[in-house]
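User: Please take a close look at one pair of charged residues in this model. I would like to know what surrounds the pair, and how that neighbourhood connects with the rest of the fold.

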Amino acid sequence: MLLNNLLIFSALAAVGLMLVASDWRMRIAGLASIYLIGFIVIIQIWPVALASVKLISGWMGIALLSTSMLNSMNQANSHRFTSEIVFRFLMAVLIWIVVAAIAPSINEWLPIPYTNLYIGVSLMGSGLLFMSLTDDFIEIVLGLLTILAGFDIIYSSLEGSALVTGIYAFIIILICLLSGYFSSVVSDRKVD
């Protein structure tokens, strides 16, 4: 019980860090901690080998994103106004409250542990919020990866297939690889 509450609060703190941080390194660190939390949640259901594939593929994708951010011209920290930070955080809190309200009814349809369902749906909603509040390409990719991490937690609670785990790992690494390529293309166009 204590571990489940700690996992929920740490997942919400990691998403909150991603939403309010101005530095891309802090957002990447928030995403890395989301993958670690997802690993801890999934390891309660799956064997260590399959759960570690999800953690390693997520962190490999984060390494690819970090390398592309270091090499791109768009690594200046964007300054955010205090009102924007407060708005983002309050919207995230609203999403978390709505998820807490609808999670018991969703839990009737999906017979998975409440912790997995709450963390998964909260990550999906927060990732959607993260994607919708920006026009920066890397932030959109981080939001997409957050949505996929939430979906993965829910889906892993329902299905334990090694083939699906491998395909998911391939998709995550491919998204990060392509976003690294496209972020350099986007930054080159902004310079012109």
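Analyst: **The pair and its surroundings**

Asp 152 and Lys 54 are both buried, a term for a relative accessible area under 20%, with over 50% called exposed and anything in between partly exposed (1.4 Å probe, protein chains only). A word on the basis before going on: this is a predicted model, in which local features need pLDDT of at least 70 and side-chain atom pairs count only at pLDDT 80 or more, while totals for chains, interfaces and linings use all residues. Residues are numbered from 1 along each chain as its sequence is written, and side-chain values use heavy atoms, with hydrogens and water left out.

The side chains of Asp 152 and Lys 54 join in a salt bridge at 2.7 Å, N to O; the rule asks for a side-chain nitrogen of Lys or Arg within 4 Å of a carboxyl oxygen of Asp or Glu. Because Asp 152 sits in helix α6 and Lys 54 in helix α3, the pair ties together parts that are 98 residues apart in sequence. Helices here are DSSP runs of H or I with at least four residues, numbered from the N terminus. As a general point, side chains of opposite charge can pair when their charged atoms come close.

Now for the space beside this pair. Asp 152 and Lys 54 both line the largest cavity, together with Ile 34, Tyr 35, Gly 38, Phe 39, Ile 42, Ala 51, Leu 55, Ala 149, Ile 153 and Tyr 168. A cavity is a set of points on a 1 Å grid over the protein atoms alone, where a 1.4 Å probe fits but cannot get out, and lining residues have an atom within 4 Å of a point. Helices α2, α3 and α6 are the elements that give two or more residues to this lining, and α2 provides the largest share, 5 residues. By type, the lining splits into 9 nonpolar, 1 polar and 2 charged residues. In that count Ala, Val, Leu, Ile, Met, Phe, Trp, Tyr, Cys and Pro are nonpolar, Asp, Glu, Lys and Arg are charged, and the others, Gly among them, are polar. The volume of the largest cavity is about 80 Å³, taken as the space filled by probe spheres set on the grid points, which are joined across faces, edges and corners. The structure has 3 cavities of 30 Å³ or more.

Two neighbours help to place the pair. Tyr 168, in helix α7, is buried at a relative accessible area of 10%. Setting aside residues up to four places away in sequence, Tyr 168 touches Tyr 35, Lys 54, Leu 148, Ala 149 and Asp 152, where contact means heavy atoms within 4.5 Å. Tyr 168 and Val 53 are 115 residues apart along the chain, yet their C-alpha atoms are separated by 9.5 Å. The second neighbour is Ser 156 of helix α6, buried at 2%. With residues up to four places away left out, Ser 156 touches Ile 42, Ile 45, Trp 46 and Lys 54.

Tyr 35 also leads into the largest nonpolar core: among its 50 residues, Tyr 35, Leu 65, Ile 119, Leu 142 and Leu 145 touch the most other members. Such a core is a set of buried Ala, Val, Leu, Ile, Met, Phe, Trp, Tyr and Cys residues joined through side-chain atoms within 4.5 Å. Helix α2 contributes the most to this core, with 10 residues.

How does the pair sit among the other salt bridges? The count comes to 5 salt bridges. Another one joins Glu 139 and Arg 27, with the closest N and O atoms 2.9 Å apart. Glu 139 lies in helix α6 and Arg 27 in helix α2, so this pair links parts that are 112 residues apart in sequence. Both Glu 139 and Arg 27 are buried, and they belong to a network of salt bridges with Glu 84 and Arg 88. Arg 25, in contrast, is partly exposed at 41%, and Arg 25 forms a salt bridge with Asp 23 at 3.3 Å between the closest N and O atoms.

Technical notes:
On a 1 Å grid over the protein atoms alone, a cavity is a set of points where a 1.4 Å probe fits but cannot get out, and a pocket is an open set with protein on both sides within 12 Å along at least five of seven lines; lining residues have an atom within 4 Å of a point.
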